[in-house]
Amino acid sequence: MGLPPPASLLLGLLLLGILRPLWGDLVFIPAFIRMTGPEVSASLVGGIEGVTVSLALLPDEEGLLPVPACGALTNDTGDWSLTVTPSVSALEVTVSLKRGLQRCSSDETGPFSEAPCVVQTLLVSASRNSSCLAHLLVRVEIYANSSLAQNASNVTVIPNQVYQPLGPCPCNLTAGACDVRCCCDQECSPDLTGLFREACFTGVFGGDVNPPFDQLCSAQRVPGAPGWFPLLCVQSSLANSPFLGYFYHGSVCPRPHASMEVYLHTDLRDFSDFGYKQGDAIMTVDKAYFTIPQGSLAGHCLQHAPVAFLQNFDVRCTTDLEVYQEQEDLVNVKIKNGVLGGIVTPKVIYEEASDPDKFITGTEALLSNGLAPRKVNVEEHYIFRWNNNTISEINVKIIRAEINAHQKGIMTQRFTVKFLSYNSGDEKEFSGNPGYQLGKPVRALNTNRVNNVTSLHLWQPAGRGLCTSATFKPILFGENALSGCLLEVGISENCTQLRENAAELLDSLIQATHVAMRGNSDYNDPSDGWLEIIRADAPDSGADPSVSVNGICTDIPARLSVRILISDAGAVEGITQQEILGIETRLSFVNWQFQCGLSCEDKADLFPVSASVQFIKIPAQLPRPLTRFQINFTEYDCNRNEVCWPQLLYPLTRYYQGEPYSQCVAKGLLLVSFFMLAAFLSNPWAGTCKE
């Protein structure tokens with residue numbers, strides 16, 4: 001039994017396409033193309049000198065592909081065009097559609113028609129001296145739901161999710177293909193859908209994006225629904241579903257195309273000539289952002305992050321010395337001060353780092369090779385003086401360290417920016433007015449010193465994490481934190497000395513006797529809201545246990561716990577003000593034992609010490625205790641049920657805060673009197689009076 005004519009023709013074309021390039025003859029690759037879009041391409045390889053390429057439209061026969069023949073060619077190409085592009089050893093042949101086909105209209109075929117509405121056969125022939133050498137057969141099948149047939153533009157029309165579902169078929173995840181078990185996928189034919197019709201996805205994911213809601217009268221009664229449900233149900237169409245807009249809120253905007261040629265700041269918005277507002281980027285006279293390295297949400301540092309007006313920050317960045325680059329000299333930077341034509345130049349002061357090892361770790365010992373050492377910036381502190389919406393002065397202090405010209409290692413840099421008022425002196429900055437602001441340092445006072453201004457600290461480890469190289473950072477209001485460092489201890493360490501060293505380290509964090517209740521408490525007035533720090537379990541370093549074994553010490557202070565009670569103290573212009581109610585510090589003790597490996601050598605062991613801060617919020621008013629009725633009958637609890645019976649007469653209850661309670665009662669009594677008057681003048685009472 002022979003093959004059908006289309007199958008035999010395709011098989012012959014494929015065999016010719018494989019063997020003829022080996023003989024050096026002309027051949028199209030591929031020799032047969034099924035075209036469903038506006039353009040297709042093929043390559044003509046072989047001896048292409050003096051070759052002419054032509055295009056012809058072949059007549060169709062039901063169920064058969066025409067046999068290519070040069071004698072049947074015509075010059076009528078209809079709506080098709082042929083483009084030939086020569087290359088080194090081949091010709092690139094492109095067949096494209098000249099214009100859109102009007103025969104694919106929504107009136108003649110459905111939007112998801114199974115059969116193609118355009119079926120044509122094109123023949124591309126390659127000839128030399130009127131002799132046909134190769135053929136390319138193009139089968140055109142364009143469907144009604146293609147973008148070409150519908151004359152659709154490239155702009156995607158996204159419906160307003162408030163009025164109709166944004167995604168009518170959420171399980172349709174693959175474009176141009178049928179998703180298994182997704183019965184709402186229009187790309188699935190009825191035969192494919194019949195394979196998994198019994199296992200379709202249900203719910204919203206399966207396409208039921210407008211399910212009947214429980215309050216709808218036509219919906220089936222949910223088990224456990226109250227008996228009064230039929231009286232208070234809602235008569236509405238599914239088009240007015242409460243689920244519209246439930247999965248997405250916000251404006252719809254097209255997604256920008258990613259490109260390597262698109263810069264981050266293509267159009268800088270510079271309004272600095274008319275004054276700065278809080279959060280505006282500070283500009284230079286070159287119409288560029290004034291940038292300082294800052295931390296990002298991903299954890300790394302952005303080297304060119306704009307500085308925002310009236311926004312302080314304190315960040316630390318790590319940099320490899322091999323890729324470190326010196327920044328532009330700040331003396332040459334001119335910054336706009338917020339007035340038209342106004343310029344302010346930073347005043348820079350340089351200082352030398354006393355201990356560069358605190359900032360550079362993992363260094364390699366390099367021999368002097370005769371090159372001059374280089375200087376690197378380890379700390380940069382910026383102070384901006386502002387007046388209304390302008391910048392009056394900029395002071396910069398740069399701390400530098402001198403290193404070898406080819407030194408390797410990791411350097412930790414610190415960058416701080418602080419905005420101060422133009423008329424402020426060197427007084428301690430407020431942490432709020434009057435209440436504390438989140439993220440501001442907790443104000444502290446030490447009455448045992450002449451300079452009583454101080455603050456509470458935590459460790460900021462650097463390098464190996466040793467306590468000897470750790471720096472301090474302030475405790476910030478409302479932010480729980482945990483920090484620690486490592487203390488080097490030998491096997492023959494004196495236990496009394498170890499207790500004293502650990503207690504001294506922990507005590508160095510809380511060098512204060514009082515903390516400020518408010519963010520603006522006066523340092524010169526101890527009675528202006530200063531709370532004494534409660535110290536529990538203070539260590540007694542002089543008491544040495546009688547048991548003392550080499551390499552083992554008991555009752556070593558290892559952890560400092562700081563608990564701070566805070567509460568809401570009111571509001572100023574609608575902003576909640578928070579204050580501190582009390583603070584307690586507590587030490588935790590552990591037993592230390594020297595950790596030996598295969599043998600106990602006289603090497604330093606690492607003893608960890610840590611400190612934690614916890615802010616505990618106390619309600620301003622104790623919650624009202626639950627009544628026995630509220631405990632036993634939870635169905636009347638307004639916080640647990642959709643129906644709240646205690647608020648049935650809402651304007652007359654204490655829950656209504658729109659008007660004074662006395663006015664609500666007066667209006668309610670007036671309304672009751674109107675009802676009584678209407679009832680008295682109604683027909684039954686009027687008939688009784690006539691009798």
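Where does Asp-605 have its place? Asp-605 sits in strand β29, and we'll come back to that strand below. First, some orientation: what you're looking at is a predicted model. The protein chain has 691 residues, and 32% of them count as buried. Its secondary structure adds up to six helices and 29 strands.

**The chain as a whole**
- The protein chain exposes about 43800 Å², with carbon and sulfur atoms supplying 55% of that area.
- Take the contacts between residues at least 6 apart in sequence: 63% of them join residues at least 24 apart.
- There are ten salt bridges in the structure.

**A five-stranded sheet**
- Five strands make up an open sheet with mixed pairing, and their order is β23-β29-β27-β28-β26.
- At the edges you'll find β23 (481–489) and β26 (534–536), each of which pairs on one side only.
- On average, neighbouring strands of this sheet are turned by 15° against each other, ignoring direction.
- As a bit of background, strands of a sheet pair through backbone hydrogen bonds, and they can do so in a parallel or an antiparallel way.
- Strand β27 (residues 552–572) and strand β28 (residues 575–593) go for the antiparallel option, with 16 bridges between them.
- For one spot to look at, try Ile-566, whose bridge partner in β28 is Ile-580.
- Helix α3 (residues 495–507) packs on the sheet and touches β23, β26, β27, β28 and β29 (605–617).
- The direction of helix α3 makes about 15° with that of β27.

**Back to Asp-605**
- Asp-605 has a relative accessible area of 14%, so it counts as buried, the cut-off being under 20%.
- Leaving aside residues up to four places away in sequence, Asp-605 touches Leu-487, Glu-488, Val-489, Trp-592, Gln-593, Phe-594 and Gln-595.

**Salt bridges around Glu-352**
- Side chains of opposite charge can pair when their charged atoms come close.
- Glu-352 forms a salt bridge with Lys-375, and the closest N and O atoms are 3.3 Å apart.
- That pair links distant parts of the chain, 23 residues apart: Glu-352 is in strand β14 (residues 347–352), while Lys-375 is in strand β16 (residues 374–387).
- Glu-352 also forms a salt bridge with Arg-400, where the closest N and O atoms are 3.9 Å apart.
- Here the two residues are 48 residues apart, with Glu-352 in strand β14 and Arg-400 in strand β17 (residues 390–403).
- Glu-352 is partly exposed at 46% relative accessibility, Lys-375 is partly exposed at 30%, and Arg-400 is partly exposed at 23%.
- Together with Glu-402, these residues Glu-352, Lys-375 and Arg-400 are linked in a network of salt bridges.

**A salt bridge from helix to strand**
- Asp-507 forms a salt bridge with Arg-535, and the closest N and O atoms are 3.8 Å apart.
- Asp-507 lies in helix α3 and Arg-535 in strand β26, so this pair ties together parts that are 28 residues apart in sequence.
- Asp-507 is partly exposed at 37% relative accessibility, and Arg-535 is partly exposed at 40%.

**A nonpolar patch on the surface**
- Val-643, Trp-645, Leu-648, Leu-649 and Leu-652 make a nonpolar surface patch of about 470 Å².
- Leu-649 has its place in the loop between α4 (628–632) and α5 (661–680).
- With 55% relative accessibility, Leu-649 counts as exposed, because the cut-off for that is over 50%.

Methods. Residues numbered from 1 in each chain as written. Predicted model: local features only at pLDDT ≥ 70, side-chain atom pairs only at ≥ 80, totals over all residues. Heavy atoms only, no water. Pairing = 2+ DSSP bridges. Helix = DSSP H or I, 4+ residues; strand = E, 2+ residues; numbered from the N terminus. Axes fitted to C-alpha atoms, helices over the stretch in contact; angles between N-to-C directions. Contact = heavy atoms within 4.5 Å. Buried < 20%, exposed > 50% of the residue type's maximum accessible area, 1.4 Å probe, protein only. Patch = residues over 30% accessible without salt bridge, like charges linked within 9 Å, V, L, I, M, F, W, Y side chains within 5 Å. Areas by Shrake-Rupley, 256 points an atom, 1.4 Å probe, with all protein chains shown as cover. Salt bridge = Lys/Arg side-chain N within 4 Å of Asp/Glu carboxyl O.
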